[in-house]
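Me: I'd like to learn how to read a model like this one, feature by feature. Could you take me through it?

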Amino acid sequence: MQLHRFHGGLKLPDETAASTADPVLVMGVPSRLTVPLGQHIGEAAEPCVQVGDRVTKGQRIGQSKGYIAAHVHAPTSGQVVAIDHYPVPHPSGLSAPCVVIQADGRDDWGDTRMEPWLDWDTRDRRQLRQRVRDGGIVGLGGAAFPTAVKLNPRAGQRIHTLIVNGAECEPYISADDMLLRSAPEAVFEGIRIVAHLLQVDRVLFAVEDNMPEAMRILTETLPDELRDWVRLVSIPAIYPTGGERQLIKVLTGQEVPSGGLPADIGVVCHNPGTFRAICDVVIQGRPLVSRIVTVTGPGVRHPRNVHALIGTPFADVIAAAGGYADDVDRLVMGGPMMGFAVHDDAIPVIKATNCLLATRPQDTPPPGPLMPCIRCGECAAVCPAQLLPQQLYWQARAKDFDAIQDYGLFDCIECGCCAHVCPSNIPLVQYYRYAKNEIWAREKERQKSDIARDRYEFRQERIEREEREKAERLARKKAAVKKKPEESQGDSDKQAAIQAALERARAKKAARAAEKQGGKSAESTPSGDADSNPASDTDAPRDGDPR
Amino acid sequence: MRFRTESSPHIIPAHSVGGVMQQVLLALVPGTLAMTWFFGWGVLVNVLLGVLFAVAFEAAMVAARKRPVMATLADNSALVTGWLFALAIPPLAPFWVTLIGIAFAIIVAKHLYGGLGYNPFNPAMVGYVVVLVSFPREMALWPAPDTLPESPLTLLQTLQTVLTGSLPAAQEWDSVTRATPLDAMREGLVSGRTVDEITASPVFGSFTETGWEWIGNFFLLGGLYLLFRRVIHWHIPVAVILGVAIPAGFFWMLDPGSYASPAFHVFSGAVIIGAFFIATDPVSASTTPLGRILYGAGIGVLIFVIRTWGGYPDAVAFAVLLMNMVAPTLDHLTRPRIFGRTRGGPPPGDGHA
């Protein structure tokens, strides 16, 4: 098969020998599990259990809201003892809402388990997609993007190629490698389900050439009926081949359009672990409650892969790998290139935890002194997105957010190649994250102020309109009031007044006459009526004012 | 257990500025030794003085700018500037030429512009041009390559010459120094002789004067080492050499009697060291692949033009400085196509996925 190259990238040491020596260790149930409600890209789930509730293994405890979101399930049976903010694996080190479960040790599925679908091929696509959604499946390569979304191409979009991303390109990580060695059947079954769901023409199963054992096992176990349309492809181990866009380029020679998705060119990519999770939820009714984690690095005594429940504290996982080496001083979730260092090992394994890397000062020395950029251009030479990282750096420093977007900031995949080769120790990716966040924040701010402005303008307009209407009404009324005296009423009023005066005079006379005659009081009401009438007329609009 | 947190990548960095500069210095060694072989101790004396002055000025400027002195000196960039400057001037030039040139290079061309990384012009070349236009007599004191018997000066005599500016009693400037091949070619052509007549002189080797050829070869060796270690990329050196050779070849084919051969141009004077060591100074060069090719080609063509029709026999420094001015524009005009986009076109999506 004709392979292609993407620009740049790095040849990095493999470092997976130590963690692949032993088989995957299935870890037991910890006594207490902290399950974050937001483990994926998108909206965090909303808790659907309460403190004190008994939960069974696989029971939904977090209900996803929104489209790009995923449910969260209880990794084991037990009791919910807290729903609160706890530290979670996140670069910020901040706390986030979690459901804490005190395990009862029975690991009991209860009767809430989804029905196994051995006959999945009779189900329609919508049902299968719903099952994946119900299982809380997210991409297990590290990004944790909700899988059901990727299985739901837009109307009119035809997916012809399904890619299995077995390019575990960061040094140290071997979770996919070990999965492919230990459970290839489940992965193939997952491939079958997704291929059926998306109606693809072909499947390209990419494995890096530094995983020969996995490749051998896959070649041996590939079922005969898949051989026609599933193709195992050995690809060169160049970081970041595991990046979706880079892998698609290597396999198909096509580039996913900037700002677009692989589905735009008819391709969908999933990690092998995700296929296994899909197989589990569809065929066994088992939601995503555990995953393989590589525990490795010179900072642990016995590097290996473990199968851990979501919510297991990092410290337990490290203990399963023989504990820390003496002088460990950094713990990273993810690989050395894109992973982030965590403060604390009390935080839990989440769906995105593909690797825990512990290092000593000699492996990851504190960064040397920050030097000025010497414009050597090494960063541009290795950038797989074909950007000019040093220009982006200058623009980020200058806060020139228009120029930086023009130079393709949002095409940056944050792979870290540029920072690795930078002779001046400039934390380039940090600058890009900063710029991206700043731009997002400004965009949000702008949207907010747009809304506020719209509301303000609307209110101004309403007030103006009302005032205009009021003024018009008033003018009309005034005109109406004025018209009366001017035209018909003007004369008649005078005459009426004269008449009234005359009448009053007459009445007085009459009264006096009556007094003289010892008669009753005079009738003064007609004149009073005439006075009050215009006043009540001008009042009327004021009463009718909606304000 | 609590841990130290740093931003990714969590892996030992591949390069350091100090390391890069060290590689450059290492690559300069063979050419420098070859120059010493042919021109005598003066080359080493100058390199030593150049490096010494450069480090001293660098330290003073860094201290004056209240930056960490030792950490800054560790970037080795002043060493490279001092060394390159020393190779550019005649080996018997008096010490104050080096002093003034380096002062200008480090103080004005480098630190007044903001120090390492911020200088738009190559500091060594700025310093060189300052002394070249200011002290034409001293800058013409190129010894004859050491294939001739009358030239050798001992180390002590060389030191004395450099420090006092006058030769030992028994020596005459005319017997010690000689026109460089470029001077000879220029003078010869101006006085109406043909290229063949000029190169027929026994001091000329296969391309140019014997010693100069070998010096070029050894700098080429160092340059190839830098390429091999990926300290530099091929674009600039190849473009410089072709930029000289192609126009030179064109005119040479039109009239071989009045124009020197492309090989003569490439192996005379400073083209090789310029292509691999001076034009590749990353700070003042273009940074995009296409930009680098244009930048290098511009330098090459300018070298040929100035040599052929300009007022100076060699032109690497002028060509480099002129192209330094263009580098930012070249960068702007030669941005590479971004992955997933068409060249120069707007992104197909809205960029905010």
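Reply: Sure. Start with confidence: pLDDT is the predictor's confidence in each residue, from 0 to 100. You need it here, as this is a predicted model.

Me: Where in chain B is confidence lowest, and where is it highest?

Reply: Helix α8 (residues 173-176) of chain B is at the bottom, with a mean of 67, while helix α5 (residues 95-110) of chain B is at the top, with 96. Over the whole of chain B the mean pLDDT is 86, and 88% of the residues reach 70 or more. Treat residues 348-353 of chain B with care: pLDDT stays under 50 there, although the model has 17 contacts for them beyond four places in sequence. As for the overall scores, ipTM is 0.85 and pTM is 0.82.

Me: On to chain A. What does its radius of gyration tell me?

Reply: Set it against a reference. A compact globule of 547 residues would come out near 24 Å, but chain A has 38 Å. The C-alpha trace of chain A spans about 135 × 65 × 50 Å along its principal axes. Within chain A, 46% of the 547 residues count as buried. Take contacts between residues at least 6 apart in sequence: 72% of them join residues at least 24 apart. The secondary structure of chain A comes to 15 helices and 17 strands.

Me: How do I read a sheet, then?

Reply: Strands of a sheet pair through backbone hydrogen bonds, either parallel or antiparallel. In chain A, look at the open sheet of six strands, ordered β1-β14-β13-β17-β15-β16, where the pairing is mixed. β1 (25-26) and β16 (340-342) of chain A are at the edges with a single partner strand each, so one side of each has no neighbour in the sheet. β1(A) runs parallel to strand β14 (residues 304-309) of chain A, joined by two bridges; L25(A) has V306(A) as its bridge partner. Helix α3 (residues 175-182) of chain A packs on this sheet and touches β13 (290-296), β14 and β17 (355-359) of chain A, its direction making about 125° with that of β13(A).

Me: Which strands does β17(A) pair with, and in which sense?

Reply: With β13(A) the sense is parallel, over three bridges, one example being T296(A) with L357(A). Strand β15 (residues 330-333) of chain A runs antiparallel to β17(A), with four bridges, and there M333(A) has L356(A) as its bridge partner.

Me: And what about its two faces?

Reply: In a regular strand the side chains alternate between the two faces of the sheet. For β17(A), C355(A), L357(A) and T359(A) are on one side and L356(A) and A358(A) on the other, and all are buried. Five of the five residues of β17(A) are buried, so the strand is largely enclosed by the rest of the structure.

Me: How many residues make up the contact between the chains?

Reply: The size of an interface is often given as the accessible area lost when the parts come together. Counting residues instead, 43 of chain B are in contact with 60 of chain A. Helix α1 (residues 17-39) of chain B gives the most to chain B's side, with three residues. That side divides into 20 nonpolar, 15 polar and eight charged residues.

Me: One single residue to finish: where is Y113(B)?

Reply: Y113(B) is in the loop between α5 and α6 (123-134) of chain B. It has 16 C-beta neighbours inside 10 Å, so it counts as partly exposed. Leaving aside neighbours within four places in sequence, Y113(B) is in contact with Y118(B), N119(B) and P120(B).

Technical notes
Residues numbered from 1 in each chain as written. Chains lettered and ligands numbered in written order. Predicted model: local features only at pLDDT ≥ 70, side-chain atom pairs only at ≥ 80, totals over all residues. Rg over C-alpha atoms; globule rule 2.2 N^0.38 Å. Buried ≥ 20, exposed ≤ 12 C-beta atoms within 10 Å, placed from the backbone. Contact = placed C-beta atoms within 7 Å. Nonpolar A, V, L, I, M, F, W, Y, C, P; charged D, E, K, R; others polar. Pairing = 2+ DSSP bridges. Axes fitted to C-alpha atoms, helices over the stretch in contact; angles between N-to-C directions.
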